[in-house]
Amino acid sequence: LEQLMAHASMRGVAPTASEWDGLQQMREAVATLQHHDAVTGTEGPGRRTLPGEHPGQVGGVVAAYMDTLSNGTTAANEAMQNVADRLLLKFGSGGLAAPVDERIDADVTAGGGPPALRR
């Protein structure tokens, strides 16, 4: 995503503030998950059950890490899609005018594509 956004900036397709925010959200999610508590796990046998949890349920810390990564991934994916769309609108699709699934179907129908996909 960072490379795509840098490329877009150099090509005159400046990413928006919300797209930069999406990148930053992903950076922060990765940084959080690289913290020693996330890597080693702050929960283990002997951790007391938090209010509202049942024994054996994924705890609040793990759930928070999962939410952080999920939210960061969603934000980054949206930013990447938006920047890529604007690049394609400005410079053309370079042969990607049809969605990928349609191109694969056309190749398979015509006898092209990877052997595993040929009909």
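Here is a short tour of this predicted model, stop by stop.

**Whole chain.** Start with everything in cartoon. You should see five helices and zero strands, so-called α-α-α-α-α when read along the sequence. Of the 119 residues in the chain, 16% are buried. The accessible surface comes to about 8300 Å², and carbon and sulfur atoms hold 58% of that. As for contacts with a separation of 6 or more, 57% of them join residues 24 or more positions apart.

**Colour by confidence.** Switch the colouring to pLDDT. The chain averages 74, and 56% of the residues score at least 70. Now select residues 112-119, where pLDDT stays under 50. The model does give this stretch eleven contacts beyond four places in sequence. Still, where pLDDT is low, the predicted coordinates should not be read in detail.

**The core.** Next, show side chains for Met5, Ala8, Val13, Leu23, Val83 and Leu87, the six residues of the largest nonpolar core. Helix H1 (2-10) and H4 are the elements that give two or more residues to this core. Stay on Val83 for a moment: what does Val83 touch, leaving aside residues up to four places away in sequence? The neighbours are Leu4, Met5, Ala8, Pro15 and Glu19.

**Salt bridge at Glu19.** Keep Glu19 selected and add Arg86. These two form a salt bridge, with the closest N and O atoms 2.6 Å apart. The pair links distant parts of the chain, Arg86 in helix H4 and Glu19 in helix H2, 67 residues apart. Is each partner buried or partly exposed? Glu19 counts as buried because its relative accessibility is 3%, while Arg86, at 27%, counts as partly exposed.

**Salt bridge at Arg27.** The structure holds two salt bridges, so to speak a pair of stops; for the other, pick Arg27 and Glu2. Their closest N and O atoms are 3.0 Å apart. Arg27 sits in helix H2 (residues 17-33) and Glu2 in helix H1, 25 residues apart, and again the pair links distant parts of the chain. Arg27 has 38% relative accessibility and therefore counts as partly exposed. Glu2 is partly exposed too, at 43%.

**Last stop, Asn71.** Move to helix H4 (residues 60-91) and select Asn71. With 43% relative accessibility, Asn71 counts as partly exposed. Then add Met26 and draw a C-alpha to C-alpha distance: the two are 7.9 Å apart in space, and 45 residues apart in sequence.

Conventions: Residues numbered from 1 in each chain as written. Predicted model: local features only at pLDDT ≥ 70, side-chain atom pairs only at ≥ 80, totals over all residues. Heavy atoms only, no water. pLDDT = per-residue confidence, 0-100. Contact = heavy atoms within 4.5 Å. Helix = DSSP H or I, 4+ residues; strand = E, 2+ residues; numbered from the N terminus. Buried < 20%, exposed > 50% of the residue type's maximum accessible area, 1.4 Å probe, protein only. Core = buried A, V, L, I, M, F, W, Y, C linked by side-chain atoms within 4.5 Å. Areas by Shrake-Rupley, 256 points an atom, 1.4 Å probe, with all protein chains shown as cover. Salt bridge = Lys/Arg side-chain N within 4 Å of Asp/Glu carboxyl O.
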